[in-house]
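This briefing covers the fold, the helices and selected residues of one chain. The structure comes first, then the points grouped by topic.

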Amino acid sequence: ILSIILIASLILTIVTIVMFLASILSKKALIDREKSSPFECGFDPKSSSRLPFSLRFFLITIIFLIFDVEIALILPMIIIMKFSNIMIWTITSIIFILILLIGLYHEWNQGMLNWS
C-alpha cells in the first residue's frame with residue numbers, strides 16, 4: 001500500500017507542476033484591443049445600428065407556434081375519445097375548435113395573413 005501512496009503522490013506532483021507551467025506559459029496581455037471590442041460581424045461598431053426587425057415575421061412566427069401547440073392539443077383529444085363520455089368530449093372539442101376559428105378569423109380580419 002505504501003507504493004500506491006508514493007505513485008499517487010508522484011502523479012499528483014507531476015500534474016501540479018505541469019498545470020503551473022501551463023498557466024505561466026499561456027499568460028497573454030490582459031487588455032487586448034480585439035477582444036475588448038464588441039463582435040459586429042466585420043462591421044465598424046461605431047457605425048449606425050442594424051436594420052429594424054420586421055414585425056410581420058415575428059407575428060407569423062407567433063401564429064405558427066400557436067397553431068403548432070394547438071395541433072399538439074388536438075391530437076390527444078382523438079385518442080381520449082374512446083375513454084371519455086362522448087357528450088362531454090363533443091362539447092369540449094367544439095368549444096376548443098370554435099376558439100381556434102375565432103382566433104383565425106381575428107388574425108385574418110386584422111390582416112396578419114396578408115403578405116402584400
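Helices here are DSSP runs of H or I with at least four residues, numbered from the N terminus. On that basis, Ile-97 belongs to helix H4, residues 86–109. The model is predicted. Its chain holds 4 helices and 0 strands.

**Overall fold and surface**

- Along the sequence the order of elements is α-α-α-α.
- Of the 116 residues in the chain, 6% are buried.
- The exposed area of the chain is about 11000 Å², and 76% of it is supplied by carbon and sulfur atoms.
- A nonpolar surface patch of about 790 Å² is formed by Ile-94, Ile-97, Leu-98, Leu-101, Ile-102, Leu-104, Trp-108 and Leu-113.
- Ile-97, one of the patch residues, has a relative accessible area of 42% and is therefore partly exposed, since that class lies between 20% and 50%.

**Record annotation**

- The unreviewed UniProt entry annotates residues 6–25, 57–80 and 86–105 as "transmembrane region".
- In the model, residues 57–80 are 100% helix and 0% strand, with 36 Å between the end C-alpha atoms.
- Residues 86–105 are likewise 100% helix and 0% strand, and their end C-alpha atoms are 28 Å apart.

**Helix H3**

- Helix H3 runs over residues 55–80. Its 26 residues should span 38 Å at 1.5 Å a residue, and the end C-alpha atoms are 38 Å apart, so the model agrees with the expected span.
- Ile-63, Glu-70 and Met-77 are buried in H3.
- H4 is among the elements that cover the buried residues of H3.
- An α-helix has 3.6 residues a turn, so residues three or four places apart point the same way.
- Glu-70 sits in H3. Its relative accessibility is 13%, and it counts as buried because the cut-off is under 20%.
- Leaving out residues up to four places away in sequence, Glu-70 touches Phe-96 and Leu-100.
- Ile-78 is also located in helix H3. With a relative accessible area of 51%, Ile-78 is exposed, because the exposed class starts over 50%.

**Helix H4**

- H4 has 24 residues and reaches 34 Å from its first C-alpha to its last, close to the 34 Å expected at 1.5 Å a residue.
- Ser-93, Leu-100 and Glu-107 are the buried residues of H4.
- The cover over these buried residues includes H3.
- Leu-100, buried in H4, is one of the contacts of Glu-70, which is itself buried in H3.

**Where H3 and H4 meet in the model**

- Trp-89 is located in helix H4. Not counting residues up to four places away in sequence, Trp-89 touches Met-77, Ile-80, Met-81 and Ser-84.
- Met-77, among the contacts of Trp-89, is one of the buried residues of H3.
- The C-alpha atoms of Trp-89 and Ile-78 are 9.5 Å apart in space, with the two positions 11 residues apart in sequence numbering.
- Ile-78 and Ser-93 are 15 residues apart in sequence, and their C-alpha atoms are 9.5 Å apart.
- Ser-93 is buried, whereas Ile-78 is exposed.

Conventions: Residues are numbered from 1 along each chain as its sequence is written. This is a predicted model: local features need pLDDT of at least 70, side-chain atom pairs count only at pLDDT 80 or more; totals for chains, interfaces and linings use all residues. Side-chain values use heavy atoms; hydrogens and water are left out. Patches are made of residues with over 30% relative accessible area and no salt bridge: like charges are joined within 9 Å, nonpolar side chains (Val, Leu, Ile, Met, Phe, Trp, Tyr) within 5 Å. Accessible areas come from the Shrake-Rupley method with a 1.4 Å probe; for residues, only the protein chains shown count as cover. A salt bridge is a side-chain nitrogen of Lys or Arg within 4 Å of a carboxyl oxygen of Asp or Glu. Helices (H or I, at least four residues) and strands (E, at least two) are DSSP runs, numbered from the N terminus. Buried means under 20% relative accessible area, exposed over 50%, partly exposed in between (1.4 Å probe, protein chains only). UniProt positions are given in the numbering used here, feature names are shortened, and annotations may be inferred rather than shown by experiment. The expected span of a helix is 1.5 Å times one less than its number of residues. Contact means heavy atoms within 4.5 Å.
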